[in-house]
Amino acid sequence: MASQSANSEGAELGRFLRARRTRTSPEHVGLTVGAGVRRTPGLRREELATVAGISIDYYVRLERGKETRPSPAVLDSLARALHMDDQEHQHLRELAARAARYAPEPPPAPSRTVRPHLKLLLESLRPNPAYVISRSMDTLAWNPGGLALYAGLEDWPAKHRNLARYLFLHPASRDLFSDWDRQITACVARLRAVAGTAPDAPDLTNLVGELLLKSPDFARLWERYEVTGRKPTRKTFHHPRAGTLTLTSQSMHLEGTPGQRIGVYTAEPGTPDHDAVLLLDMTAPAAAPRQEVPRTSS
């Protein structure tokens, strides 16, 4: 079991390096490309190894998942050679740490049970749309606006409500976001960052497997292996009931429930956006507050 775990984690490290290598041009790292057709997109393995100052054989073993204990210096050299940003560099470190850990058993899946006081917190945040979400983007609890904001999501059964699934598979999502392409790119990058450090977790592999089968857009973005974390941002929604509203989002990890976060959207009181939030809260379907999320073992 330990050997299988190490191989899995090493393979994920290799996949990330290969994805970054094939998307980095020789010119970007200061190499001069000679005449002729290059069959390899981006950098060749030997070119990256040379730029990073490591042996070609060692790099090939890294990319194939056979070397699982690269030193911090090697990781830093690869990150510099591939011009990784801070989040990508940190993701590389996390993948390497997991590859070296040889965990005999995968960690348990995070709990889906939402504590009662968190449901009270969601109610206290009204009219601001708010929800509790899992690491795989399942919506576990919500206030009326938190569910109604994603137009059409309330039509799905509670156990099927997932923001990544909504973005890629619900027909209303393309109308809700004028920048739908940017939304789905950020969504996949966040899922990649989480799944990369838990590649065998059923809650993540089941969702990713479903979306790979059902959405060519998801499959295309997943193959790119871009990673990014979450940060406060402003989103514009073109809502069929509330009209166009631009809200500031904030996501926070919840203490005592690993893998769960609370997401809140706010607007400045007295603005048209806040008026739209009030309208959304007041006109949310009566069934929206009922949260019938099945409990699973954690």
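This is a guided tour of a predicted model, moving from helix pairs to charged side chains and then to the surface.

Begin by selecting helix H2, residues 45–52, together with helix H4, residues 72–81, whose axes come within 8 Å of each other and cross at roughly 115°. The two helices are therefore roughly perpendicular to each other, and their crossing is right-handed. Staying on H2, show the side chains of Glu 47, Leu 48, Ala 49 and Ala 52, which are the buried residues of this helix. Then step on to Gly 53, which follows H2 and has a positive phi, near 75°.

Next, select helix H10, residues 180–196, and helix H12, residues 216–224, which pack with their axes 10 Å apart and at an angle of about 55°. That angle makes H10 oblique to H12, and the crossing of this pair is again one that counts as right-handed.

Now turn to the charged side chains, among which a search of the whole structure finds 18 salt bridges. Select Arg 112 and Asp 138, whose side chains meet in one of them, with a distance of 2.6 Å from N to O. This pair links distant parts of the chain, since Arg 112 sits in the loop between helix H5 (86–99) and helix H6 (116–124), while Asp 138 sits in the loop between strand E1 (130–133) and strand E2 (139–142), 26 residues apart. Both Arg 112 and Asp 138 are buried.

For another salt bridge, select Glu 123 and Arg 126, where the closest N and O atoms are 3.2 Å apart. Glu 123 is partly exposed, with a relative accessible area of 35%, and Arg 126 counts as partly exposed at 35% relative accessibility. Moving on to Arg 224 and Glu 226, you will find a salt bridge with its closest N and O atoms 2.7 Å apart; here Arg 224 counts as partly exposed, at 28% relative accessibility. To finish with the charges, select Glu 12, Arg 15 and Arg 192 as a group, which are linked in a network of salt bridges.

Go next to Gly 145, which is found in helix H7, residues 144–148, and is buried, with a relative accessible area of 1%. Add Tyr 265 to the selection: 120 residues separate Gly 145 and Tyr 265 in sequence, and their C-alpha atoms are 9.3 Å apart in space.

End the tour at the surface by selecting Leu 278, Leu 279 and Met 282, which make a nonpolar patch of about 280 Å². Met 282 lies in helix H13, residues 272–282, and counts as exposed, at 65% relative accessibility.

Technical notes. Residues are numbered from 1 along each chain as its sequence is written. This is a predicted model: local features need pLDDT of at least 70, side-chain atom pairs count only at pLDDT 80 or more; totals for chains, interfaces and linings use all residues. Side-chain values use heavy atoms; hydrogens and water are left out. Patches are made of residues with over 30% relative accessible area and no salt bridge: like charges are joined within 9 Å, nonpolar side chains (Val, Leu, Ile, Met, Phe, Trp, Tyr) within 5 Å. Accessible areas come from the Shrake-Rupley method with a 1.4 Å probe; for residues, only the protein chains shown count as cover. A salt bridge is a side-chain nitrogen of Lys or Arg within 4 Å of a carboxyl oxygen of Asp or Glu. Helices (H or I, at least four residues) and strands (E, at least two) are DSSP runs, numbered from the N terminus. Buried means under 20% relative accessible area, exposed over 50%, partly exposed in between (1.4 Å probe, protein chains only). Axes are lines fitted to C-alpha atoms, for helices over the stretch in contact, and angles run from 0 to 180 degrees between N-to-C directions. Angles under 35 degrees count as roughly parallel, over 145 as roughly antiparallel, 65 to 115 as roughly perpendicular and the rest as oblique. A crossing is left-handed if the near helix is turned anticlockwise from the far one by less than a right angle, and right-handed if clockwise.
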